[in-house]
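The following exercises concern backbone geometry, strand pairing and burial. Each task is followed by a worked solution.

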Amino acid sequence: MKKKSIWVFGDYRNYYQNRVTLQLIARAVDLAREISAEVCAVVVGHDLEEWIWEYTSHGADRILAIDHPTLTSYSTEHYLILMERLVRERDPEIILIGATDFGREFAPRLAKRLKTGLSADCVGLDITPDGLLVQTAPSFGGNMLAEIVTEHHRPQMATVRPGTFREIPHDNTRTSVVERLPLPAHLPAPRVRLVEYERAAQKEHTIENATVMVCGGRGMGNKKNFKKLDELARLLDGDVGATRPVVFSGWAGHDALVGQAGKHIKPKILFSFGISGAIQHTAGLGEADFIVAINKNPQATMMKMADVAVVADAGDWLNHLIRELKKRIRE
Amino acid sequence: MVTELPWDEETGTLRRDLAAGMMNPACKHAMEAALQLREKYGASITAITMGPPAAEEVLREALAMGADRAVLICDALLAGSDTYATSSILARAIQKEIPGCDLILCGAYTSDSETAQVGPQLAEELQVPSAAYAEHLEISGRTLRVRRLVDNFRETLEMECPALITVSMERYDPRYASFAGLNDAFAQTEISVLNAEALGITAAEREAYGSRTRVRRVFVRSAQKRNVVITGAAANAAAEFLDKYQRKISAVIGKSIETKKQAQT
């Protein structure tokens with residue numbers, strides 16, 4: 001029987017910020033062990049030697065490379081044609097794709113062409129005892145996780161959020177089987193023409209890309225207390241967010257509104273002061289790695305969602321936290 | 001919208017009906033883009049969605065914003081469809097109800113990230129050129145020009161209509177529906193409702209239109225969180241919190257947070 005294969009799509013744009021391909025190779029190595037498969041990285045583009053070497057030294061067993069000047073810039077359509085063809089020829093068991101902007105557009109279209117299932121933006125991948133890929137993905141605004149399986153169609157496909165898995169350290173003694181494949185003779189011209197492109201200027205800072213968020217709700221009591229959140233945000237190099245009642249009360253501007261009607265945030269650390277956790281707000285919270293909720297009511301939804309739930313008056317605790325932090329932070 | 005587990009034990013699917021009453025923010029941006037294109041180039045706008053009867057409210061909202069007509073695909077047989085099935089069914093409905101349409105706009109993201117796949121999959125199903133995350137659209141003749149930001153690259157793309165575009169939330173800030181619009185939306189415009197039979201989806205086609213994925217289990221995210229509870233006097237609780245977590249915070253913000261000797265005594 002042919003050896004099973006887990007494929008990782010080589011997404012190398014913004015390489016030094018975007019490590020998702022390496023992270024997926026690392027996870028694929030774990031999964032491959034459970035289903036006795038090999039890990040294959042597929043890379044399409046031009047001047048690929050650097051990526052072939054990188055994917056090999058980070059754990060891939062096999063590299064499928066299509067290297068051609070025609071493929072110099074990313075083209076979703078060309079990549080779709082080439083991937084569909086490769087998949088049909090070789091029948092991989094699983095395909096993992098990074099949930100970059102590119103991946104989120106490319107993967108659904110590839111899955112559709114292959115008439116198979118796809119789960120988006122996974123935060124976990126596991127193998128069941130009978131060898132199925134369990135794709136754990138956020139559902140309902142990120143408050144819940146769903147375990148998804150593709151039972152009857154192959155390949156099983158998932159996009160995975162960057163940062164979910166940890167790459168295997170670089171080891172340049174590793175080797176892989178590198179297959180350099182030719183560009184098919186009759187690659188049709190893409191229907192979508194890339195007229196021009198340029199690297200964007202550094203993304204302007206908004207709360208949507210803040211690393212630390214300090215959010216406040218009605219539980220802050222009044223505008224004066226709410227304004228103290230600015231000081232905590234300043235100490236932690238973070239930004240202040242607000243719930244809808246707070247914005248309606250004029251304690252914060254609309255720019256600070258976090259939730260369904262406002263901004264979607266995905267901080268590494270989220271402080272949630274006096275917020276009950278209505279869905280209109282929590283729908284705007286991505287998967288914060290570390291949530292600290294402060295509320296008088298230990299039963300509040302936000303307290304249940306938190307890593308650390310502090311049962312206290314939000315305004316009062318904020319004052320103490322600021323005082324303690326000022327003692328401890330070395331600027 | 002939902003606050004409790006919207007998980008239907010009997011059918012093993014997500015209870016999307018509980019979340020169906022509001023238009024997705026991203027779809028509002030798509031709707032706004034459609035309205036601006038109509039103002040500039042002239043067009044007729046059809047809003048289309050698939051969902052339980054409550055999804056009619058989303059269409060009323062679209063009509064209030066200015067859509068000319070609305071189509072609801074609603075059938076218990078189609079409940080629990082994944083994005084693969086949804087895009088197949090939507091494509092069938094578009095071909096039947098809006099034949100010859102020039103441009104299909106969808107939201108580029110949703111709070112429920114899964115459904116952001118429907119746009120690109122619909123493009124495949126309709127076999128039209130497509131681009132995601134559009135921030136600006138222009139039409140000259142049959143050519144559509146799209147500006148977008150993807151993975152930190154600014155791209156300008158061109159394609160011929162008909163095409164499918166998903167609209168970013170960075171631009172095309174949605175207008176508010178006027179009261180007059182709301183009144184009209186509820187009083188005047190009929191919403192066409194289609195079921196599977198009306199779309200001509202037969203039992204034999206169930207495989208072609210069927211879902212590829214199955215949700216095994218849904219659980220509250222916080223179940224994964226450790227949910228440490230800190231109580232007690234606020235002053236001590238703040239110090240206790242920092243004693244436990246200052247290293248973690250320090251690592252994220254790249255500033256040293258340390259307990260000074262005198263602070264401990």
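**Exercise 1. Locate B:Asn152 and describe its backbone and its exposure.**

Solution. B:Asn152 lies in the loop between β7 (143-150) and β8 of chain B. The model is a predicted one, and in it this residue has a positive phi of about 70° although it is not a glycine. Most residues other than glycine have a negative phi. For the exposure, the C-beta neighbours are counted: 16 other C-beta atoms lie within 10 Å, so B:Asn152 is partly exposed. The class follows because a buried residue needs 20 or more such neighbours and an exposed one has 12 or fewer.

**Exercise 2. Carry out the analysis of phi, location and exposure for A:Ser36.**

Solution. The phi of A:Ser36 is positive, about 45°, and the residue is not a glycine. Its place is the loop between α1 (20-34) and β2 (37-45) of chain A. Since A:Ser36 has 9 C-beta neighbours inside 10 Å, it counts as exposed.

**Exercise 3. Identify the cis peptide bonds that precede A:Pro155 and B:Pro162, and place each proline.**

Solution. Most peptide bonds are trans. A:Arg154 and A:Pro155 are joined by a cis peptide bond with omega of about -5°. A:Pro155 belongs to the loop between β8 (144-149) and β9 of chain A. In chain B, a cis bond links B:Cys161 to B:Pro162, with omega of about 0°. B:Pro162 is in the loop between β8 (153-160) and β9 (163-167) of that chain.

**Exercise 4. Determine the strand order and the edges of the open sheet of 4 strands.**

Solution. The order is β6(A)-β7(A)-β8(A)-β11(B), and the pairing is antiparallel. The edge strands are β6 (124-127) of chain A and β11 (214-220) of chain B; each has a single partner strand, so one side of each is left without a neighbour in the sheet. On average, neighbouring strands of this sheet are turned by 25° against each other, direction ignored. Between β6(A) and β7 (residues 133-139) of chain A there are 4 bridges. Within this pair, A:Asp126 has A:Val134 in β7(A) as its bridge partner.

**Exercise 5. Assess the burial and the pairing of strand β5 (residues 118-122) of chain A.**

Solution. In β5(A), 5 of the 5 residues are buried, so the strand is largely enclosed by the rest of the structure. It runs parallel to β9 (residues 156-160) of chain A, to which 3 bridges join it. A:Ser119 has A:Ala158 of β9(A) as its bridge partner.

**Exercise 6. Is helix α3 (residues 83-97) of chain B mostly covered or uncovered, and does its length agree or disagree with expectation?**

Solution. The helix is mostly covered, with 12 of its 15 residues buried. These include B:Thr83, B:Ile89 and B:Ile94. As to length, 15 residues at 1.5 Å a residue should span 21 Å, and the end C-alpha atoms are 20 Å apart, which agrees. B:Ile89, together with B:Ala62, touches the most other members of the largest nonpolar core, which has 122 residues. Leaving aside residues up to four places away in sequence, the contacts of B:Ile89 include B:Met50, B:Leu199 and B:Tyr209. A second, separate core of 55 residues includes A:Leu257 and A:Leu321.

**Exercise 7. Classify B:Lys244 as buried or exposed.**

Solution. B:Lys244 is part of helix α7 (residues 234-253) of chain B. Its count is 12 other C-beta atoms within 10 Å, so it is exposed.

Definitions and conventions: Residues numbered from 1 in each chain as written. Chains lettered and ligands numbered in written order. Predicted model: local features only at pLDDT ≥ 70, side-chain atom pairs only at ≥ 80, totals over all residues. Helix = DSSP H or I, 4+ residues; strand = E, 2+ residues; numbered from the N terminus. Pairing = 2+ DSSP bridges. Expected span 1.5 Å × (residues − 1). Core = buried A, V, L, I, M, F, W, Y, C linked by C-beta atoms within 7 Å. Contact = placed C-beta atoms within 7 Å. Axes fitted to C-alpha atoms, helices over the stretch in contact; angles between N-to-C directions.
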